[in-house]
Structure formats: structure tokens, C-alpha cells
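Colleague: I should be grateful for a close look at one part of this model, followed by an account of how the surrounding elements are arranged.

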Amino acid sequence: SRIHYRPATKQKQRIADQSEAKLATELGLKRTRDNDAFDLLGEKVAVEVKTLVDARNDKITMRKECRLRKLSAARKLKAKPYTVVIDTRSGKEKYYYREGVGSFRLSGLRPASLDELKELLR
């Protein structure tokens, strides 16, 4: 059987962290601490950010207990939850989004520019 799992490395983590920081700055959202339910928060939105660095598949996964924790946190915050995927695999950042949290294929997400995300995620 082929191995599908690609372990996280410091370099991949750094790429993901830089992409998330750039997104937060561009959108004017606040970055949260590592163990918070969401990565970015605005007045009415809670955003989970996933970065594809070298994934072979066009999908992100989220365990059920993580999804439930995020939905509960969004309710408490009275914020609409979103998932944003930053695909860095081509060397250029491409953005995709969807309302809600969970395991998604890129084909189930909408592509968007930073400007479009700015309008959407306020």
C-alpha cells in the first residue's frame, strides 16, 4: 500500500505560519493562540486556516471532535465559522473558502482572491 501521510516538518510549519500571518494582515483579522478553536477572529467571523504545502490530494481533513469544538466555540463567539485553504503547492498562493468547518475537497470550496475574502470575511 502507498503511504499517503506526509509528516509535518518545521519548514512546512513555517510556510503555513507565514501564509496564515499574511492572510490575517490582509483581512484585518486577529490571529489567535495555538490551542484556540480558530486561527483567525473578526467581529462576526471565526476562520480556520489550512495550508496545503506538499499534499498529493486536493483535500483537507478534520476530526469530528475538532469540528464539534470549533462549532461550539463559534456559537459562543456569535461568529460565523469559515474554512480558508491556502494552496501553496504551485509556488503561488491560491485561496479557497467555504462557510463552516470540516473535511473538504478543494472542488467543494470556492476559489477567491484576497480582495474577495476581504469583502466576505468581515
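Over the ring of which residue does the charged end of Lys70 sit?

Modeller: The model is a predicted one, and what follows should be read accordingly. The ring in question belongs to Phe38: the charged end of Lys70 sits over that ring, 5.7 Å from its centre. Lys70 itself is part of helix α2, which comprises residues 64–77. Despite carrying a charge at its end, Lys70 counts as buried, because its relative accessibility is 8% and the cut-off for a buried residue is under 20%. When neighbours within four places in sequence are set aside, the contacts of Lys70 are Ala37, Phe38, Glu48, Met62 and Val101. As for rings paired with rings, the count of aromatic pairs comes to 0.

One of those contacts, Glu48, leads to the sheet, since β3 covers residues 45–52. The sheet is open, has 6 strands in the order β1-β2-β3-β5-β6-β8, and its pairing is mixed. The edge positions are taken by β1 and β8 (110–112); each has a single partner strand, so one side of each is left without a neighbour in the sheet.

Starting from the β1 edge, β1 and β2 run antiparallel and are joined by 2 bridges. Here Lys30 has Leu41 of β2 as its bridge partner. Leu41 also stands opposite Ala46 in β3. The strands β2 and β3 are likewise antiparallel, with 2 bridges between them, and they form a hairpin with 3 residues in between.

The next pairing is of the other sense: β3 and β5 are parallel, over 8 bridges. Val45 has Lys80 of β5 as its bridge partner, and Leu52 is matched with Asp87 of β5. Both strands are mostly covered, with 6 of the 8 residues of β3 buried and 7 of the 8 residues of β5 buried.

From β5 the order continues to β6, and this pair is antiparallel over 6 bridges. Within it, Tyr82 stands opposite Glu99 of β6. The two strands form a hairpin with 6 residues between them, and in its turn Gly91 has a positive phi of about 95°.

A positive phi also occurs on the way from α2 to the sheet. Lys78 lies in the loop between α2 and β5 and has a positive phi of about 55°, although Lys78 is not a glycine. Its setting contrasts with that of Lys70: Lys78 counts as exposed because its relative accessibility is 71%, whereas Lys70, at 8%, counts as buried.

Helix α1 also belongs to this picture, for what covers its buried residues includes the strands β1 (30–31), β2 (40–41), β3 (45–52), β5 (80–87) and β6 (94–99), together with helix α3 (114–120). The buried residues of α1 are Lys12, Ala16, Ser19, Glu20, Leu23, Ala24 and Leu27. They cover an arc of only 135° around the axis, which puts them on the same side of α1. The general background is that an α-helix has 3.6 residues a turn, so residues three or four places apart point the same way. On the face turned away from this buried side, α1 carries the exposed residues Lys10, Gln11 and Thr25. The length of the helix can also be checked: at 1.5 Å a residue, the 18 residues of α1 (residues 10–27) should span 26 Å, and the end C-alpha atoms are 25 Å apart, which agrees. Just after the helix, Gly28 takes a positive phi of about 70°.

Finally, towards the β8 edge, Leu109 lies in the loop between β7 (104–105) and β8. Leu109 is buried, with a relative accessible area of 7%. Apart from neighbours within four places in sequence, Leu109 is in contact with Val85, Tyr96, Tyr97, Arg98 and Phe104. The C-alpha atom of Leu109 is separated by 11 Å from that of Asp58, a residue 51 places away along the chain.

To return to the request, the part in question is a lysine of α2 that is buried and whose charged end sits over the ring of Phe38.

Conventions
Residues are numbered from 1 along each chain as its sequence is written. This is a predicted model: local features need pLDDT of at least 70, side-chain atom pairs count only at pLDDT 80 or more; totals for chains, interfaces and linings use all residues. Side-chain values use heavy atoms; hydrogens and water are left out. Helices (H or I, at least four residues) and strands (E, at least two) are DSSP runs, numbered from the N terminus. The expected span of a helix is 1.5 Å times one less than its number of residues. Buried means under 20% relative accessible area, exposed over 50%, partly exposed in between (1.4 Å probe, protein chains only). The arc is that of the directions from the helix axis to the C-beta atoms. Contact means heavy atoms within 4.5 Å. Two strands pair if DSSP finds at least two bridges between them. Rings of Phe, Tyr and Trp (its six-membered ring) pair if their centres lie within 6.5 Å; planes under 30 degrees apart count as stacked, over 60 as edge-to-face and the rest as tilted. A charge sits over a ring if NZ of Lys or CZ of Arg is within 6 Å of the ring centre and within 35 degrees of the ring normal.
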